[in-house]
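Me: I have a structure open and would like to go through some of its strands, helices and loops. Could you help me read it?

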Amino acid sequence: MRKIKRHRHSLQFGMNWVSLLLLTSSTLVVSIYVDEPLLYDTFPPDFMWATATSAYQIEGGWDADGKGLSIYDVWMNDSSHVTDGTSGKVACNSYYLYEKDIEALRSLGVSHYRFSISWARVLPDGIGRINQPGIDYYKRLIAALKAANIQPMVTLYHWDLPQALEDMGGWLNSSIADWFEEYARLCFTEFGNDVKYWITINEPWVIAYQGYGCGNTAPGTYGPGTFTYQAGHHIILAHARAYRAYETQFKPTQQGKVGITLNINWYDPKDDQLENIEAAERALQFLGGWIANPIYGTGDYPDVMKQKVGDKSAQQGFNQSRLPEFTAEQKILVRGSADFFGLNYYTSYLTANKIQDISIIDYGYDQDIESYSDPTCYQSSFDWLTITPFGMRKTLQWIKDRFNDPEIIITENGISDRAGNLDDMVRVYYYKHNINSMLKAIKDGVRVTGYAAWSLMDNFEWGNGFTQKFGLFSIDFTTSDLNRTAKASARYYSKLVNDNGFMADQPCNNSPI
């Protein structure tokens, strides 16, 4: 890559002009890496093109038709938990306006739509009593998708645990494996004949570390070096139970696939020193290997995690490692419990070895690293998200090499802004180069079979409310109709989808949108 700096309004990147407006005092400054040249080639003919959303972020209807409370319904009742004091009570109102979502999907030409089911909408108490209107809503949605020739890709759990289960300990209660299997069985029974791709759990790292570690997301439990590992352990076991239930009782007739989605950012060593190369690999193992190695690898946690957490636990006076152990029976249950690897990739970091304070009991400190965004890469409106397309290709190759060459589906990839402009050329640039990097990985031999852009439309971005926008479609949340309006990125993505790849000298304004 080569670095470009210009004090001007526009730069030409490949075939497109991208307007990047960064205001520093009174001067417009652009600082960005220009990635390696685009590969002009096509994807496999059966490649799955999709966009993605999640229930709490788009559905609204928070208490409609018998739905139970989720932990996010409760968490967002405290306006201090949200930057702009809003909540997801209405969001994009997709519970009532899902046909507008399908029209947007149809205009893109995608083959699949990744959405999540609200556990509390179909099981208000998490277990037991079934809410038929909730079941009926998802049946209508799935039927409408299929009528539009769009296949559903369904996530069972995207962070919105029924509050009734949280009151019983949530992901810290080992019984959650039973609860999750019951919920999964209900979904497989009710929807499985029409769903060929299931994702059990979205981003276990966020649930375990942010929700039950740092406590800065729902349910807000603090235990970064203890509860984090406990929750992660139960997530893996719950996933495996759901997978085995499908494998034995539903797959023979429904012929679908079940996987799990992990968020993995790429970690480059800050230099070629051995200790920093090892630190970068350690960061990847703590983030990705934590969940992936038990499922796609050996049936157990990565050796470096067991060693680091075990040694530190002993030094800190614990009688046993803070990282739980799998029994022999559990290892058999967990190992191989996925038909594909769901990857959410957004960005990359530079990493260095750093021995952390032993007195601090924290998953982050257990790794003995420091990581940070490369200041020379273009910064999005999120401080953690810089544009680093090269990391996509490297992350995919890392998964192939470490976890037995699994089928991989990119289940999320995208970039935020605050303005929500329709002329979102930075997002166009992000998609162009990340998707091209994915194409290069496929040509390298990585088995990527699908890609879902995050997100279909601007929505409720958790603790950032409506201040951060990831959508291909814009929504004016000040109006009651909440119409979905295509951005430039939607037209560009539609062009890629319809071409099934990158065609030289064909501008994106030939998109069907």
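Me: Which residue in β14 is the bridge partner of tyrosine 267?
Reply: Keeping in mind that this is a predicted model, the bridge partner of tyrosine 267 is tyrosine 349, which belongs to β14.

Me: In what sense do β12 and β14 pair, and over how many bridges?
Reply: Strand β12, made of residues 266–269, pairs with β14 in the parallel sense, and the pairing runs over four bridges.

Me: And what about β14 and β15, parallel or antiparallel?
Reply: Those two run antiparallel, with four bridges joining β14 to strand β15, which covers residues 369–372. As an example of a pair of partners, alanine 352 has glutamate 370 in β15 as its bridge partner.

Me: Why is β14 described as largely enclosed?
Reply: Strand β14 spans residues 348–353, and five of its six residues are buried, so the rest of the structure largely encloses it. Buried here means a relative accessible area under 20%.

Me: Switching to helices, how many residues of α9 are buried?
Reply: In α9, 17 of the 23 residues are buried, so by the under 20% cut-off the helix is mostly covered.

Me: How far does α9 reach from its first C-alpha to its last?
Reply: Helix α9, residues 227–249, reaches 33 Å between those two atoms, which is close to the 33 Å expected at 1.5 Å a residue.

Me: Now the loops: which residues does the cis peptide bond before α9 join, and what is omega there?
Reply: That cis peptide bond joins alanine 218 and proline 219, with omega at about 10 degrees, and proline 219 lies in the loop between α8 (204–214) and α9. Another cis peptide bond joins tryptophan 454 and serine 455, again with omega of about 10 degrees, and serine 455 is found in the loop between β17 (448–454) and β18 (473–475).

Me: Why would anyone point out a cis bond or a positive phi?
Reply: Most peptide bonds are trans, and most residues other than glycine have a negative phi.

Me: What is phi of asparagine 149?
Reply: Phi of asparagine 149 is near 65 degrees, a positive value although the residue is not a glycine. Asparagine 149 sits in the loop between α5 (132–147) and β9 (151–157).

Me: Is glutamine 255 buried or exposed?
Reply: Glutamine 255 is exposed, because its relative accessible area is 55% and exposed means over 50%. Glutamine 255 also has a positive phi, of about 60 degrees, and its place is in the loop between α10 (251–254) and β11 (257–263).

Key:
Residues are numbered from 1 along each chain as its sequence is written. This is a predicted model: local features need pLDDT of at least 70, side-chain atom pairs count only at pLDDT 80 or more; totals for chains, interfaces and linings use all residues. Side-chain values use heavy atoms; hydrogens and water are left out. The expected span of a helix is 1.5 Å times one less than its number of residues. Buried means under 20% relative accessible area, exposed over 50%, partly exposed in between (1.4 Å probe, protein chains only). Two strands pair if DSSP finds at least two bridges between them.
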